[in-house]
Amino acid sequence: VVSASQDRTARLWNRQTGQEIRRFDHHTDICFSPDGKLLATASLDRTVRYWEVQSGRNEVFVPPTPRYMTTRNAALSPDGSLILVASEKVVQVWDVATATKCGVLEGHSDFVRWIAFSRDGKLVVTASQDCSLRTWDVQTRKEVACFTGHTGPVWTAEFSPDGLTVASGGEDKAIRVWNATTGWRLIKILGRHKHWILAVSFSPDGKWMASSSRDRTTRIYD
């Protein structure tokens, strides 16, 4: 289990004993790769580090000092070969093995606030303060679709387990579900939350979706 705190540390814990395994000072946000073997941490020094959980070995990825960055502005690919880092309006693609930049995703007109891979690692979705989402082909680094309809900054976006749809939420308090490759809106859910939506997530089988908000509630949908 991993936790991040306002005390400016992230910590890795043994879930059976409750004992601390490793502490990451000055790292305030954290995310695992899907297989749990790798993690990325965002630091107050505006770097992102990639870690091997078992050995503790790490590499530093240093994007061009964005003014604001959390690990939810970074994402590890399912196979652990790439790490994507938001640098203001663009997303940089880094090769983990060589710690070198190997591409850029450009298209948003304001800060990127969320990055997420599809489960098969072929697509990425980005959410931005420009009120849009975009999906990208990981191999070609080209935009697949642009999603417009939110009336405020978009804070979160996630793929369904089958990769066919994307759910999103943000400051307009609405959840939208889209076709991942065409950008067509399939569902709009409004009026459930009274404040910004900060996160959305699908159940592993794709039958349920959850959302959390600054109104201090979490809601589940079928």
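Me: What relative accessible area does R192 have, and which class does that give?
Reply: With a relative accessible area of 44%, R192 falls between two cut-offs: buried means under 20%, exposed means over 50%, and partly exposed lies in between (1.4 Å probe, protein chains only). So R192 counts as partly exposed, at 44%.

Me: Good start! What pLDDT do local features need here?
Reply: Residues are numbered from 1 along each chain as its sequence is written, and side-chain values use heavy atoms, leaving out hydrogens and water. This is a predicted model in which totals for chains, interfaces and linings use all residues, side-chain atom pairs count only at pLDDT 80 or more, and local features need pLDDT of at least 70.

Me: How many helices and how many strands does the protein chain have?
Reply: Both come from DSSP runs numbered from the N terminus, with helices being H or I of at least four residues and strands being E of at least two. On that basis the protein chain has zero helices and 22 strands.

Me: What radius of gyration does the protein chain have, and why does it agree with a compact globule?
Reply: The C-alpha atoms fill a box of roughly 45 × 40 × 35 Å along the principal axes, and 48% of the 222 residues count as buried. The radius of gyration is taken over C-alpha atoms, and the globule rule is 2.2 Å times the number of residues to the power 0.38. For 222 residues a compact globule would come out near 17 Å, so the protein chain agrees with its value of 17 Å.

Me: Back to R192: which residues join it in a positive surface patch?
Reply: R192 lies in the loop between β19 (185–189) and β20 (197–202). Patch residues have over 30% relative accessible area and no salt bridge, with like charges joined within 9 Å and nonpolar side chains (Val, Leu, Ile, Met, Phe, Trp, Tyr) within 5 Å. Lys and Arg count as positive and Asp and Glu as negative, without His and the chain ends, and each charge is placed at NZ of Lys, CZ of Arg, CG of Asp or CD of Glu. The partners of R192 are K173, K194 and R219.

Me: And the nonpolar patch: how much accessible area do W184, L186 and I187 have together?
Reply: I187 lies in strand β19 and is partly exposed, with a relative accessible area of 43%. Areas come from the Shrake-Rupley method with a 1.4 Å probe, and for residues only the protein chains shown count as cover. Together W184, L186 and I187 have about 360 Å².

Me: How many salt bridges does the structure hold?
Reply: Side chains of opposite charge can pair when their charged atoms come close. A salt bridge is a side-chain nitrogen of Lys or Arg within 4 Å of a carboxyl oxygen of Asp or Glu. The structure holds three.

Me: Which residue pairs with R11, and is R11 buried or exposed?
Reply: R11 has a relative accessible area of 17%, so it is buried. The other side of the salt bridge is partly exposed, at 37%. The N to O distance is 2.8 Å, and the partner is E20.

Me: What is the distance between the closest N and O atoms of R134 and E143?
Reply: R134 is buried, with a relative accessible area of 12%, whereas E143 is partly exposed at 36%. Their salt bridge has its closest N and O atoms apart by 2.8 Å.

Me: Which residue meets D172 in a salt bridge?
Reply: D172 is buried, and its partner is buried too. The N to O distance is 2.8 Å, and the partner is R176.

Me: What is the phi of R216?
Reply: R216 is in the loop between β21 (209–213) and β22 (218–221), and at 83% relative accessibility it counts as exposed. R216 is not a glycine, yet its phi is positive, at about 70°.

Me: And where is C131, and what is its phi?
Reply: C131 is in the loop between β13 (123–128) and β14 (132–137). Its relative accessible area of 25% makes it partly exposed. Phi is positive here in a residue other than glycine, near 75°.

Me: Last one: how far apart are the C-alpha atoms of G121 and D79?
Reply: G121 is in the loop between β12 (112–117) and β13, and it counts as buried at 16% relative accessibility. G121 and D79 are 42 residues apart along the chain, while their C-alpha atoms are separated by 7.5 Å.
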